[in-house]
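Ready to poke around a protein model? Grab the viewer and try the exercises below, then check yourself against the solutions.

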Amino acid sequence: MHQEFGDPTQVLEVAEVPLPEPGPGQVRLRTVLSPVHNHDLITVTGNYGFKPELPARSGSELVGIVDALGEGVDALSLGQRVASGGTFGAWAEYVVADAAGLLPVPAQLDDEAAAQLISMPFSAISLLESLGLAAGDWLLQNAANGAVGRMLAQLATARGINVVGLVRRSDGVDELAAQGIGNVVATDQSDWAAQVTAITGGAPIKVGVDSVGGKASGEVLSLLAEGGELVVFGAMASPRMELSSGDVIFKQATVRGFWGSKVSGSMPAEQRRALFGELIQRALDGSLTLPVEATYSFDEVGKAAAGNAVPGRRGKILLQP
């Protein structure tokens, strides 16, 4: 929990609270593992789109075991393993969640993968779904070595969509290559734009995904084809985007935002089920990988928050009771 907004490495603390009881349509989960996401830590600072009342809990995704059933819940059973990607306060030994939003996890999927199956992967596949790209089309994205960037590349490739990834460090090219992800260019190279063109063979790049902000937004836009679309997913480097008005005008480009929680909340149930089914299948067949960098106890939440910011991290930071 945190009593004030601020640096997560400083303000997060462990507190004892009463055991929660599930209400109608809810279940109580015993947490097994919960990932640390950037948006979790930004929420702790008070700078995210969602700002909880203080004192506030933290975390938003977990894999857990159904520990108690609320009235009217008959689709789940005690002892069943489920994943949740929209349960605020997930960094707790026991969490109450809406039963309808839980995803049963197949036995073949390990806890580490199941713990991070929904939030980032579902954002990635929802983003991919929204782009309207077909097999053979080209997509350009920056922050390619981030969690969503890596997943987007894997999911797009599995659908036959071509992806070029941009990273800020040359080391990032090798890091992604080690995970089987190619077509990556480091923007610290003076000829990085020419490298992108060489990879695509001059084919039109229909969509660019920007997760960095600042001048990086304009760099992605500059390589898009006429009628291209720049989709803004994040702002890791700057909350402001530096775009060339000439690129916007003469390319007749479109710039739009993408916020996964909003898109997910308005998505038809049938489409959600289909995308979750695809995610599980990709995770099981290895085309989607969900690596873990380190696992920390709740008492080490400050270290976990600090570890999340370490450059070159190759997997998710997880918390466990």
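Here are four short exercises on this predicted model, each with a worked solution.

**Exercise 1.** Find histidine 37 and work out whether it is buried or exposed.

*Solution.* Start by locating the residue: histidine 37 sits in the loop between strand S1 (26–35) and helix H2 (38–45). Next, look at its accessibility. The relative accessible area of histidine 37 is 0%, and buried means under 20%, so histidine 37 is buried. Now check what surrounds it. Leaving out neighbours within four places in sequence, histidine 37 is in contact with Ser60, Glu61, Ser119, Met120 and Lys316. Finally, zoom in on one of these: the side chains of histidine 37 and glutamate 61 make a polar contact at 2.6 Å.

**Exercise 2.** Do the same for leucine 54, then find how far it is from glycine 72 in space.

*Solution.* Leucine 54 also belongs to a loop, the one between H2 and strand S2 (62–69). Its relative accessibility is 38%. Partly exposed covers the range between under 20% and over 50%, so leucine 54 counts as partly exposed. For its contacts, skip residues up to four places away in sequence, and you're left with His2, Gln3, Glu4 and Phe5. Last step: go from C-alpha to C-alpha. Leucine 54 and glycine 72 are 18 residues apart in sequence and 31 Å apart in space.

**Exercise 3.** Explore the largest nonpolar core: which members touch the most others, and which element gives the most to it?

*Solution.* The largest nonpolar core has 47 residues, and Leu117, Phe122, Leu131, Leu139 and Leu279 touch the most other members. Then go through the elements. Those that each supply at least two residues include helix H4 (119–131), strand S7 (162–167) and helix H11 (269–285). H4 gives the most, with seven residues. Now click on phenylalanine 122. Beyond its neighbours within four places in sequence, phenylalanine 122 is in contact with Leu117, Ser264, Met267, Arg272, Leu275, Phe276 and Leu279. One thing left to spot: another core, of 14 residues, lies apart from the largest one, and its members include Leu140, Val164, Leu221 and Ala253.

**Exercise 4.** Describe the second largest pocket: how much space does it hold, and what kinds of residue line it?

*Solution.* Begin with the volume, which is about 500 Å³. Then turn to the lining: 22 residues line this pocket, and the closest to its centre are Ala15, Trp91, Ala92, Glu93 and Phe298. To finish, sort the lining by type, and you get 15 nonpolar, two polar and five charged residues.

Terms used:
Residues numbered from 1 in each chain as written. Predicted model: local features only at pLDDT ≥ 70, side-chain atom pairs only at ≥ 80, totals over all residues. Heavy atoms only, no water. 1 Å grid on protein atoms, 1.4 Å probe; cavity = no way out; pocket = protein on both sides within 12 Å on 5 of 7 lines; lining within 4 Å. Points joined across faces, edges and corners; volume = space filled by probe spheres on them. Nonpolar A, V, L, I, M, F, W, Y, C, P; charged D, E, K, R; others polar. Core = buried A, V, L, I, M, F, W, Y, C linked by side-chain atoms within 4.5 Å. Buried < 20%, exposed > 50% of the residue type's maximum accessible area, 1.4 Å probe, protein only. Helix = DSSP H or I, 4+ residues; strand = E, 2+ residues; numbered from the N terminus. Contact = heavy atoms within 4.5 Å. Polar contact = N/O pair within 3.5 Å; in protein donor to acceptor, adjacent residues only side chain to side chain.
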